[in-house]
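Colleague: Mind if I quiz you about this one while we both have it on screen? I'll ask, you reason it out.

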Amino acid sequence: MKKLKYILFTTTLLSSVFGFAQDTLSISKSELVQKLSDKNLQLKIAQKNVQAAKADYEQSNALFLPNINVSYTGISTTNPLMAFGSKLNQEILTASDFNPALLNNPAKTQNFATKIEIQQPLINIDGIYGRQAAKNKMEAYQLQTERTNEYLELEVSKAYMQLQLAYKAVKVLEKADVTGKANLKLVENYFKQGLLQKTDLLNMQVRVNEITNQLQYAKSNIQNASDYLAFLLNEDSNGNIYKPSEELENTISVEQINTSLSDSRKDIQAMNKSTEAYKKIMFSNKMNFLPRLNAFGSYELYDKNFLGTAAKGYLVGAQLSWNVFDGYKSIGKFDKAKADFQKAEVESEQYKKQSQLELNKTNRQLKDAENKVNLSHLAFEQSQEAYRIRQNRFAQGLEKTTDLLQSETQMIQKELEHLQSVFEYNYTKQYLQFLTK
């Protein structure tokens with residue numbers, strides 16, 4: 001009775017921990033990709049970078065649009081110059097105000113002024129290149145975001161295949177557990193009949209325990225893969241696990257993939273846009289040596305009373321300014337921008353060569369993975385046949401227990417190795433497609 005209670009307690013505990021019934025959520029790869037684009041935190045960060053770069057580009061609209069400022073000022077003064085000027089602006093000067101005594105020692109004078117100022121850029125060559133640089137930067141971030149999305153889709157696909165592999169491993173080990181217990185029962189019968197020694201029984205018991213332990217680890221891998229998928233999707237796992245709607249195939253589909261590096265790849269385009277932005281910044285600093293032409297104007301209202309508009313006037317004009325020498329500040333900025341541009345060119349060239357190196361390496365890995373799948377499949381079939389023969393001979397008393405255990409272990413190992421090799425091939429193929437996209 002105690003043993004039955006222990007079994008029931010253990011079964012309930014395992015069900016609550018792994019939740020293969022009520023806490024298992026079936027999910028397809030297409031659903032994962034959709035959730036990824038909506039929820040992934042890394043993608044949201046990349047999108048915010050695009051928004052920040054877009055805001056920087058919007059600031060460059062000031063190169064063409066006017067700057068308008070409105071102010072309202074109230075003063076009370078006995079300063080001779082300010083008092084005379086305030087009356088003049090209010091258009092209330094009289095002949096008596098030119099009395100030297102009043103000019104030198106005026107009475108308290110109040111003035112309320114409303115002023116509308118407009119500044120309109122006309123010709124600013126450096127600003128034009130700066131605007132182009134901001135646009136290139138924005139486009140580079142947009143391309144980086146697209147590339148980030150492609151990378152995350154690859155990562156989700158990898159995590160999904162890892163989940164498939166974990167479930168497949170559980171199925172293999174569950175089958176091995178059933179086979180191991182059947183063999184244990186057979187060995188126990190032989191031992192009771194005196195046909196086997198105690199060591200044979202102990203070896204079989206150890207082997208059954210090993211399979212049980214491996215099965216436990218395989219179930220933990222399901223939880224680990226589910227937790228990682230939940231992280232990618234920005235969801236709370238709450239102890240739940242995902243179950244793929246499609247199983248991992250035991251075979252592979254060999255395809256011919258173009259292995260040449262494409263300049264249309266999003267990350268390479270982003271590098272080119274970034275380099276172009278540094279080039280425009282260099283030109284912007286170079287054009288800083290040229291003069292600038294800007295227009296300005298103002299409309300003013302004056303009165304000695306609050307909110308009064310007794311007097312009014314306007315001012316319009318244009319300014320041609322040229323910073324002839326600023327103590328090598330502009331020269332230093334240009335030299336730095338030039339160095340940054342040259343550095344960006346070298347980094348872009350290095351990145352392309354590294355990408356081609358990675359592409360060549362992955363292409364070789366794909367061929368190696370294909371060969372590994374074929375060899376592991378052959379090894380698994382051979383180990384199955386070897387185990388079948390040894391099991392039949394063992395049942396007839398013609399094989400040792402250790403030989404049967406070794407054959408069984410090898411069969412399970414080869415099946416798991418084959419599944420792992422299929423996973424490696426499928427992921428390598430998708431990674432190669434990612435590198436050539």
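Colleague: What is the phi of Gly-194, just after α6?

Modeller: This is a predicted model, and local features are read where pLDDT is at least 70. Gly-194 follows right after α6, and its phi is positive. The value for Gly-194 is about 80°.

Colleague: And α6 itself, how far does it reach from its first C-alpha to its last?

Modeller: Helix α6 covers residues 125-192, which is 68 residues. At 1.5 Å a residue you'd expect 100 Å. The model comes close to that, with α6 reaching 99 Å.

Colleague: Which residue does Arg-147 form a salt bridge with?

Modeller: The closest N and O atoms of this pair are 3.6 Å apart. It links distant parts of the chain, with Arg-147 in helix α6 and its partner in helix α8 (residues 266-287), 120 residues apart. Both residues of the pair are buried. The partner of Arg-147 is Asp-267.

Colleague: Which residues are linked with Arg-147 and Asp-267 in a network of salt bridges?

Modeller: The structure holds 24 salt bridges. Arg-147 and Asp-267 belong to a network of them. The other members are Glu-146, Glu-150, Arg-265 and Lys-266.

Colleague: Glu-247 has a salt bridge too; which residue is at the other end?

Modeller: Here the closest N and O atoms are 2.6 Å apart. Glu-247 sits in the loop between β4 (241-244) and α8 while its partner is in helix α6, so the pair ties together parts 76 residues apart in sequence. Glu-247 is partly exposed at 48% relative accessibility, and the partner, at 43%, is partly exposed as well. That partner is Lys-171.

Colleague: Lys-115 and Glu-117 also meet; what is the N to O distance?

Modeller: Side chains of opposite charge can pair when their charged atoms come close. Lys-115 is partly exposed with a relative accessible area of 29%, and Glu-117 is partly exposed with 30%. Their side chains meet in a salt bridge, and the N to O distance is 3.7 Å.

Colleague: Moving on to the strands, which residue in β5 is the bridge partner of Ile-116?

Modeller: Ile-116 lies in strand β3. That strand pairs with β5 (residues 292-303) in the antiparallel sense over 11 bridges. The bridge partner of Ile-116 is Tyr-299.

Colleague: How about β2 and β3, which residue of β3 is the bridge partner of Tyr-72?

Modeller: β2 and β3 pair in the antiparallel sense, over 11 bridges. Within that pairing, the partner of Tyr-72 in β3 is Thr-114.

Colleague: Is Ile-116 buried, partly exposed or exposed?

Modeller: Buried needs under 20% relative accessible area and exposed needs over 50%. Ile-116 has 33% relative accessibility, so it counts as partly exposed.

Colleague: What is the area of the nonpolar surface patch that Ile-116 helps to make?

Modeller: Along with Ile-116, the patch is made by Ile-68, Val-70, Ile-118, Tyr-299, Tyr-314 and Val-316. The elements giving two or more residues to it are β2 (67-77), β3 (109-123) and β6 (311-321). The patch comes to about 710 Å².

Colleague: Which residues does Ser-86 contact, leaving aside neighbours within four places in sequence?

Modeller: Ser-86 lies in helix α4 (residues 80-90). Its relative accessible area is 4%, so Ser-86 is buried. The contacts of Ser-86 are Ile-75, Thr-109 and Asn-111.

Colleague: Same for Ala-230: which residues is it in contact with, leaving aside neighbours within four places?

Modeller: Ala-230 is in helix α7 (residues 198-232). With 2% relative accessibility, Ala-230 counts as buried. The contacts of Ala-230 are Glu-235, Ser-237 and Tyr-242.

Colleague: What is the phi of Leu-307, roughly?

Modeller: Most residues other than glycine have a negative phi. Leu-307, in the loop between β5 and β6, has a positive one. It's exposed, with a relative accessible area of 59%. Phi of Leu-307 is near 65°.

Colleague: Last one: what is the phi of Tyr-328?

Modeller: Tyr-328 lies in the loop between β6 and α9 (329-395). At 55% relative accessibility, Tyr-328 counts as exposed. Although Tyr-328 is not a glycine, its phi is positive, at about 70°.

Terms used: Residues are numbered from 1 along each chain as its sequence is written. Side-chain values use heavy atoms; hydrogens and water are left out. Patches are made of residues with over 30% relative accessible area and no salt bridge: like charges are joined within 9 Å, nonpolar side chains (Val, Leu, Ile, Met, Phe, Trp, Tyr) within 5 Å. Accessible areas come from the Shrake-Rupley method with a 1.4 Å probe; for residues, only the protein chains shown count as cover. A salt bridge is a side-chain nitrogen of Lys or Arg within 4 Å of a carboxyl oxygen of Asp or Glu. Helices (H or I, at least four residues) and strands (E, at least two) are DSSP runs, numbered from the N terminus. Buried means under 20% relative accessible area, exposed over 50%, partly exposed in between (1.4 Å probe, protein chains only). Two strands pair if DSSP finds at least two bridges between them. Contact means heavy atoms within 4.5 Å. The expected span of a helix is 1.5 Å times one less than its number of residues.
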